[in-house]
Amino acid sequence: MSAIGRRNFCGCACAAALLTPGLAGAQAGPASAGPADPALVEDLVAANRILFDQGVVDGFGHVSARHDKDPNRFLLSRSMAPGLVTAADIMEFDLDGTPTDPQGRAAYLERFIHGEIYRLRPDVGSVVHSHSPAVIPFGVSHVPLKPVYHMSSFLGAGAPVFEIRDAGGPTTDMLIRTRELGHALAVALEDHPVILMRGHGSTVVGPSVRHAVFRAVYTEVNARLESEALRLGDVTFLNEQEAAKAMVTNAGLVNRPWELWRKKAMEGR
Ligand code: MN
């Protein structure tokens with residue numbers, strides 16, 4: 001009874017604050033950039049479902065989009081399994097990882113991955129963080145992840161490996177749970193599309209949600225194929241020129257798999 005009373009009181013207080021500009025400015029979090037383009041939110045919801053359906057994320061992992069109205073804001077689901085995300089679960093954050101309007105919702109512990117990458121990489125419009133399994137061996141061994149076929153040509157310049165001990169010492173829980181660790185990860189990413197995180201997972205970026213999802217899916221597939229190929233013997237990877245040309249071709253084709261993946265992931269739910 002008292003809990004309900006408190007909640008009602010809070011609801012009234014927040015509503016009052018919203019109606020009073022002075023109070024809202026003093027008490028609220030960072031200012032909102034306003035409603036995002038509904039098409040962007042729709043893509044972000046689909047991205048969550050697709051990444052689950054394609055085996056990139058499971059109960060863990062997340063995908064964000066830079067806000068279309070303000071480069072210093074980004075959109076990310078509340079803390080939940082990506083395969084269940086709806087538009088109502090999407091929250092807005094500033095680059096420090098502070099929600100503009102939390103409404104009591106929990107945020108992902110590792111949201112600092114997203115904000116700090118958006119801060120350092122103006123070219124990035126979307127970030128995928130996952131623990132996709134086939135990639136893990138390349139973060140813990142000294143075998144580099146390189147493109148074995150044209151679909152993963154974006155790996156042509158290689159993928160750096162983030163060693164959390166360098167930034168966080170030997171006693172972290174492996175998570176990017178602070179701005180400082182997020183910054184160290186973003187610095188290590190440099191201008192690459194993918195960074196592996198030793199003993200944890202990987203983070204993939206792209207100019208749009210669809211590009212980032214494309215790369216996240218094919219990073220996982222490439223890792224699987226590369227492990228298979230290495231078992232057979234010497235491997236010939238795409239050379240730099242092949243990778244660069246294939247990347248240009250693929251960049252114009254992201255909508256083809258997207259439509260297929262979206263249909264499959266959004267149906268039957
Ligand atoms: Mn993680």
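Which strands does helix α7 (residues 179-189) lie across? In this model, which is predicted rather than determined by experiment, helix α7 lies across β5, β6 (194-197) and β7 (201-206), and its direction makes an angle of about 130° with β6.

Those three strands belong to an open sheet of seven strands, and a reader who follows the sheet from one side to the other meets them in the order β3-β2-β1-β4-β7-β6-β5, with mixed pairing. The strands β3 (90-94) and β5 (161-162) stand at the edges, and because each has a single partner strand, one side of each is left without a neighbour in the sheet. Another helix, α3 (residues 38-53), also packs on the sheet, where it touches β1, β2 (73-77), β3 and β4, and its direction makes about 160° with that of β1.

Strand β4 (residues 126-130) is a useful place to look at the pairing in detail. On one side, four bridges join β4 to β1 (residues 62-66), and the two strands run antiparallel; within this pair, A65 has S126 as its bridge partner, while S64 stands opposite V127. β4 is also joined to β7, by five bridges, and these two strands again run antiparallel, with H129 of β4 partnered by T203 of β7.

How many of the five residues of β4 are buried? Five of the five are, so the strand is largely enclosed by the rest of the structure. In a regular strand the side chains alternate between the two faces of the sheet. In β4, S126, V128 and S130 are on one side, V127 and H129 are on the other, and both faces are covered.

The largest nonpolar core has 61 residues, and among its members L51, A212 and V213 touch the most others. If the neighbours within four places in sequence are left aside, the contacts of L51 include V63, V128 and S130, as well as V213 and A216. L51 is also in contact with V56, V57, G61 and P82.

Finally, the length of helix α8 (residues 209-232) can be checked with simple arithmetic: at 1.5 Å a residue, its 24 residues should span 34 Å, and because the C-alpha atoms at its ends are 35 Å apart, the expected and modelled values agree. After α8 comes G233, whose phi is positive, near 140°.

Technical notes:
Residues are numbered from 1 along each chain as its sequence is written. This is a predicted model: local features need pLDDT of at least 70, side-chain atom pairs count only at pLDDT 80 or more; totals for chains, interfaces and linings use all residues. The expected span of a helix is 1.5 Å times one less than its number of residues. Two strands pair if DSSP finds at least two bridges between them. Two residues are in contact if their C-beta atoms, placed from the backbone, lie within 7 Å. Axes are lines fitted to C-alpha atoms, for helices over the stretch in contact, and angles run from 0 to 180 degrees between N-to-C directions. A nonpolar core is a set of buried Ala, Val, Leu, Ile, Met, Phe, Trp, Tyr and Cys residues joined through C-beta atoms within 7 Å. A residue is buried if 20 or more other C-beta atoms lie within 10 Å of its own, exposed if 12 or fewer, and partly exposed in between; C-beta atoms are placed from the backbone.
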